[in-house]
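Let's walk through this structure together, strand by strand. Keep the view open as you read, and follow each stop in turn.

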Amino acid sequence: MAKRKGSTQEKKDDTIAVDKVVIVFPGTSDETRGVVIEDFGDMAGKPVDIGDQHVADPARRWAVSLDDGRLVFVDSDNLTVA
């Protein structure tokens with residue numbers, strides 16, 4: 001049976017992607033909604049350590065514009081598709 005747009009048989013797409021509405025930090029006191037505006041994918045990077053000196057943590061994969069106007073950078077485990 002073909003699925004029609006808006007039908008109750010249409011499956012929700014839980015794939016995080018640019019332009020998707022998401023819940024950031026789901027299930028926490030910081031939970032909020034926003035829209036994914038950038039996917040840095042493989043460019044997210046690696047941590048930087050020089051000798052015993054920790055210089056930087058790896059960059060986050062997703063840039064999310066929150067409903068309150070803030071911009072956050074998070075990894076996939078901090079997001080759920082709304």
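What you have in front of you is a predicted model. A good place to begin is strand S1 (residues 21-24), which pairs with strand S7 (residues 79-81) in the antiparallel sense through 3 bridges. Look for Val22 here: Val81 in S7 stands opposite Val22.

S1 also has strand S2 (residues 32-39) as an antiparallel partner, and 4 bridges link these two. You can trace that pairing residue by residue: Val21 has Val35 of S2 as its bridge partner, while Ile23 is matched with Arg33 in S2.

Now stay with S2 and move on to strand S5 (residues 62-66). These two strands also pair in the antiparallel sense, this time over 5 bridges. Val35, which we met as the partner of Val21, turns up again here, standing opposite Ser65 in S5.

Next, let's visit two spots in the backbone. Most residues other than glycine have a negative phi. Asp19, found in the segment before S1, has a positive phi near 80° and is not a glycine. Is Asp19 buried or exposed? Its relative accessible area is 64%, and because exposed means over 50%, Asp19 counts as exposed.

Then go to the loop between S1 and S2, where Phe25 lies. Phe25 is not a glycine either, yet its phi is positive at about 55°. The relative accessibility of Phe25 is 29%, so this residue counts as partly exposed.

Technical notes:
Residues are numbered from 1 along each chain as its sequence is written. This is a predicted model: local features need pLDDT of at least 70, side-chain atom pairs count only at pLDDT 80 or more; totals for chains, interfaces and linings use all residues. Side-chain values use heavy atoms; hydrogens and water are left out. Two strands pair if DSSP finds at least two bridges between them. Buried means under 20% relative accessible area, exposed over 50%, partly exposed in between (1.4 Å probe, protein chains only).
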